[in-house]
Amino acid sequence: MPAAALTGRTDDLRSAVTAIRGSSHVAVMLLGDSGIGKSTLLEAVVAELQPEVTPVRIHGSPSLAMVPYGVLGPFIVGLPVQEATSQLAVLRTFWSHLEDERRATGRPLLLIVDDAHDLDEATAGILVELAAAGWAKLLVAAAARPGLPETLLQLWFEGIAVRLDLRPLTRQQTNEMLEHGLGPQVLPNVGEVLWEASAGNPLLLNGLIDDAKHDGTLLQRNGVWLLTQPLNSHGDRLTDVVRRQLLRRSPDERQALNLVALAEPVGRDLIESVVGEEAVGALIEHELIKVTPSARPELRLWHSVYGDTLRNLISPARSLQLRQSLLRLMDAEPTSAEGLLRQVSWSMDCGAEVDDRQLLRAAVLASRLYQDELARKAAGRVKDPELQMAARSVTARTYFNTSDYEAARDILEADFGKGHSVAVLLTGTLMWAAVQSALGNTPAVIMDRARALLVAGEQLAKTNPEDAESILAATRERYRTMRSMVLAMAGEYEADPAGPPLPAEDRPPANHLEAAFRLALESERLLVQGKSASAFAAASEALTAAGAGYDELYFLAEFLVVRAAAAIIHNGDWEAAETLLSGVGASSGPSLITFGGGVHAAHGIILLYQGRAAQSLNTLSGALESLRLADPQQLFALTASMAFAAAAEMGATDKAAVLLADYESAPRAVSRYLRTLSEMAVVYGKARLGNYPEAISELRQLGRPRGDGMTAGLEFDSLSFRLALGDRDAASRLLELEPELEGCRAAALCNYARAVRTDLAADHLEAAKSCEDAELWTFAALAYDAAANAYRAAGDTLRERMAISQRKRCPDRADSIPGKGTEVEADSLGLLTRRERDIVALAVRGLSDRQIAVELQVSIRTVEGHLYRSYAKLNVKGRDQLPGPAGSQ
């Protein structure tokens, strides 16, 4: 049986097999929801026990649930008709058949009952009799609802049966299942999206995977599995699952399911007034629909992925008929955004007329949820000229979602600076500026073009003199907000002589957006100056200042997260970085598809800084494939440069060449800091590949682009790369910068630089421990190498070997769970006395206790005592853990 089929069920398998083999229990009961994997686990248990038992299969059937002994028909065919209802006669005949099978194999009987919830009570009674008498053991699988017949449950109540309730798969188990089925190169957001959509149900998960692979939503690109668009939940496999569910339902229940699918969330009272309380109650009991707690209870599908499939199975004519039956009972429009979106979508699907304002509201909602096709469809149906500009702005946003900036620009350019009212005039202007920035235009160029907005505002004010003041104030405020935004996106915290002046520091921001952009810009300035902790605080404050009211700039939160992530990664606080990124990772499925690549890129950069080049390359390669599809924060070039550096670090020349070509063909990062950082990574990678003598001078120039000391943060990044390349001159300069730098990464590397300058073994060891604490494993290894060299020069063989041993462990620690690395022996090379070092040195050479005693002319007990104390100081358990020959015996 494939390992993927039992993902997350190995403990259940072990428990079931142990119970069947033991003498304390006569039955094992597997219970769970439909599709949870009961039958799969049942078959795995049977496969495990096959050589030890005589398996006899019985299958429950809904059609025979009311027929006494109906499912036992194949075993009692010889029973006279007049005795067919006699329990004793049935038991005797059934047992005779079972006994024949047992004699043929010579092994004990195991009765395997699938779909036991469909057993009739009489059959259940027969099975209980056999099990209780010890004639056979039972392996039973049943749906949790309606559950097992009461007589079978009695075995559990009496303590002679084991009950295993199967739970949905966790996120981790879903990822493991994907790994088994697709391979290790699966983007993390794939698992997140599929787990969220399937709710951990293996049957639905497999259906979604198969359908997504079939229609190209889930595909493998350059060895990496990724999602190209939101999941299509009405593929063939999932449709088959839903059809089978519908076949088990009554006509009223099917109608209720259809209504909920078409109108969810919908009031429970509305559905019950159409189909009755009994049908709704049955669907709730079988967990096909659920009730959301509210003043007016609403119904939703239990599994949201059923929705598209159910709607796809309903003909337009039937859909229209159901809509009319429900509308007659509704006394108001849906109050929730989701309800409005569902109603408008339903109306369009069945050809009903929809008000233009409702269409526009639905288009905006759909674009926020990355339902781009629905957003364009709703926006395209808006007929009111006053609303069409806003509708076109929504359409442009859908193209921005997929990084088609040219298409978005063409739509927005046609409307920019036009409008007969201030509200229309300002529509789409922030998105226009964001698109211009994404296309690589400088803030000066963008704001020069944006003057058309001011001109249009002045013209509008002339034609509306009574509102002139408010019109001019609104357009000028929008212009200032746009300026703050493009400056923040570009990281241009200095005034450009050729462009517009920066906002005056003493003028308060006009609105929360301008406040957020100013803080983002301040974060970039602080980061470039080396104040990473302060930069992170400013970016975090910007996230708070932005609030939630930025409809047009739906990507604002992710933009600010990128700024915060840059600061905290520069700082080296990996735990805080993980907390920040996990907040983005907790987004809904469609958002993860759009922004997930940036999250993976950040994780990859952290791994590279930590010295985990192989893991970094794997993560960054996956991120690149995701960013090829959608890159709203323009992170592709940065990611490619870091992946190139990781490949070069590993000596993977062919892979590095491909990644360098990716970097060179990509538009550069919009932010000046990120753009410079990517250039540094490329220079470092070229140096790692060899024959690039200009590397040090280029890195020096990138770190001090203006030649002064106002870019300590950039210079720190440059010096980090230079130190990794072995440039000793970088150590002195880094120590000069130390007072200006913040963060644990800077502190650890300054300790490393101090050791490079003194070249003392003790300083190298201290630097190695500092780098280990900061999880900078490349520098820790370099420090241990330097310590070993220093001890070698001093003739201290024992400490040299211990330093080498610690250095060899660095890769293992780097590959361990971040923050959970192997504990370093505390001060292990400095705590031994001279006599202890002499004895350990001889033990390392492979001498026995007796030989050491002879060599040093001491007693064996003295040798044993010194070794015992040395083991404690070195945090080892015995000779086999000492470095060198003794440790290899």
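In the predicted model, glycine 267 has glutamate 298, a residue of strand β10, as its bridge partner. This contact belongs to the pairing of β8 with β10, which runs in the antiparallel sense and extends over two bridges. The two strands form part of an open sheet of three strands, arranged in the order β8-β10-β9 and paired in antiparallel fashion. The edges of this sheet are formed by β8, spanning 266-267, and by β9, spanning 289-292, each of which pairs on one side only. In general terms, the strands of a sheet are joined by backbone hydrogen bonds, in either a parallel or an antiparallel arrangement.

The largest pocket of the model encloses about 2,000 Å³ of space. Its lining comprises 50 residues, of which Pro230, Leu231, Ser233, Asp308 and Gln371 are the closest to the pocket centre. Two or more lining residues are given by each of the elements α7 (188-198), β10 (298-301), α13 (306-313), α14 (316-327), α15 (337-349), α17 (372-380) and α28 (589-610). Strand β10, described above as a member of the three-stranded sheet, is thus also listed among the elements that contribute to this lining. The largest share is supplied by α15, with six residues. By residue class, the lining is made up of 21 nonpolar, 16 polar and 13 charged residues.

Aromatic contacts were searched for over the whole structure, and eight aromatic pairs were found. One of them joins tyrosine 684 and phenylalanine 721, whose ring centres lie 5.1 Å apart and whose planes meet at 35°; because stacked pairs require planes under 30 degrees apart and edge-to-face pairs over 60, this pair is classed as tilted. The pair connects distant parts of the chain, with tyrosine 684 located in helix α32 (residues 672-689) and phenylalanine 721 in helix α34 (residues 712-724), at a separation of 37 residues. Tyrosine 684 has a relative accessibility of 4% and therefore counts as buried, the cut-off being under 20%. Phenylalanine 721, with a relative accessible area of 9%, is likewise buried.

Contacts between charged side chains and aromatic rings were also identified. The charged end of arginine 376 is placed over the ring of tyrosine 399, at a distance of 4.3 Å from the ring centre. In a further case, arginine 668 lies over the face of tyrosine 663, and the distance to the ring centre is 4.1 Å.

Methods
Residues are numbered from 1 along each chain as its sequence is written. This is a predicted model: local features need pLDDT of at least 70, side-chain atom pairs count only at pLDDT 80 or more; totals for chains, interfaces and linings use all residues. Side-chain values use heavy atoms; hydrogens and water are left out. On a 1 Å grid over the protein atoms alone, a cavity is a set of points where a 1.4 Å probe fits but cannot get out, and a pocket is an open set with protein on both sides within 12 Å along at least five of seven lines; lining residues have an atom within 4 Å of a point. Grid points are joined across faces, edges and corners, and a volume is the space filled by probe spheres set on the points. Helices (H or I, at least four residues) and strands (E, at least two) are DSSP runs, numbered from the N terminus. Ala, Val, Leu, Ile, Met, Phe, Trp, Tyr, Cys and Pro count as nonpolar, Asp, Glu, Lys and Arg as charged, and the others, Gly among them, as polar. Rings of Phe, Tyr and Trp (its six-membered ring) pair if their centres lie within 6.5 Å; planes under 30 degrees apart count as stacked, over 60 as edge-to-face and the rest as tilted. Buried means under 20% relative accessible area, exposed over 50%, partly exposed in between (1.4 Å probe, protein chains only). A charge sits over a ring if NZ of Lys or CZ of Arg is within 6 Å of the ring centre and within 35 degrees of the ring normal. Two strands pair if DSSP finds at least two bridges between them.
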